[in-house]
Amino acid sequence: MHVDRLLWLIPTLPLVGFLINGFFGNRLARPTVGTVAVLGPAVAFVLSVLAFLQASAGGHGHEAGGFAHQVLWQWIAA
């Protein structure tokens, strides 16, 4: 499994959980709010660990350091 394509989920999942609880938290049941609050960061943590393990093992097509690198946008073309 290539975690490279899922790196954007690491900051996004906790943010989505925050937004769900922020906007709909008082309408949801208390256990649901707790589940949403824990699930986003927990899945982001698992993805972070998988990305680290993939990078430390050499990964797929990474540079010599084995670091995961994902370009989201290019600010200045140089």
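This is a short tour of two helices and a surface patch, in the order in which to select them.

The model is predicted: local features need pLDDT of at least 70, side-chain atom pairs count only at pLDDT 80 or more, and totals for chains, interfaces and linings use all residues. Residues are numbered from 1 along each chain as its sequence is written, and side-chain values use heavy atoms, with hydrogens and water left out.

Start with residues 30-56, helix α2. Helices here are DSSP runs of H or I, at least four residues, numbered from the N terminus. Helix α2 has 27 residues and reaches 39 Å from its first C-alpha to its last, close to the 39 Å expected; the expected span is 1.5 Å times one less than the number of residues.

Next, select Gly40, Ala44, Leu47, Ala51, Gln54 and Ala55, the buried residues of α2. Buried means under 20% relative accessible area, exposed over 50%, and partly exposed in between (1.4 Å probe, protein chains only). These buried residues pack against α1 (9-24).

Stay in α2 and pick Val33. Val33 is partly exposed, at 21% relative accessible area. Its contacts (heavy atoms within 4.5 Å) include Asn21, Gly25 and Leu28, leaving aside residues up to four places away in sequence. Between the C-alpha atoms of Val33 and Asn21, 12 residues apart along the chain, the separation is 6.2 Å.

Finally, move to Phe18 in helix α1. Phe18 counts as exposed, with 57% relative accessibility. Add Leu15, Val16, Leu19, Ile20, Phe23, Phe24 and Leu28 to show the nonpolar surface patch that these residues make with Phe18, about 730 Å². Patch residues have over 30% relative accessible area and no salt bridge (a side-chain nitrogen of Lys or Arg within 4 Å of a carboxyl oxygen of Asp or Glu), and nonpolar side chains (Val, Leu, Ile, Met, Phe, Trp, Tyr) are joined within 5 Å. Accessible areas come from the Shrake-Rupley method with a 1.4 Å probe; for residues, only the protein chains shown count as cover.

Key. Helix = DSSP H or I, 4+ residues; strand = E, 2+ residues; numbered from the N terminus. Patch = residues over 30% accessible without salt bridge, like charges linked within 9 Å, V, L, I, M, F, W, Y side chains within 5 Å.
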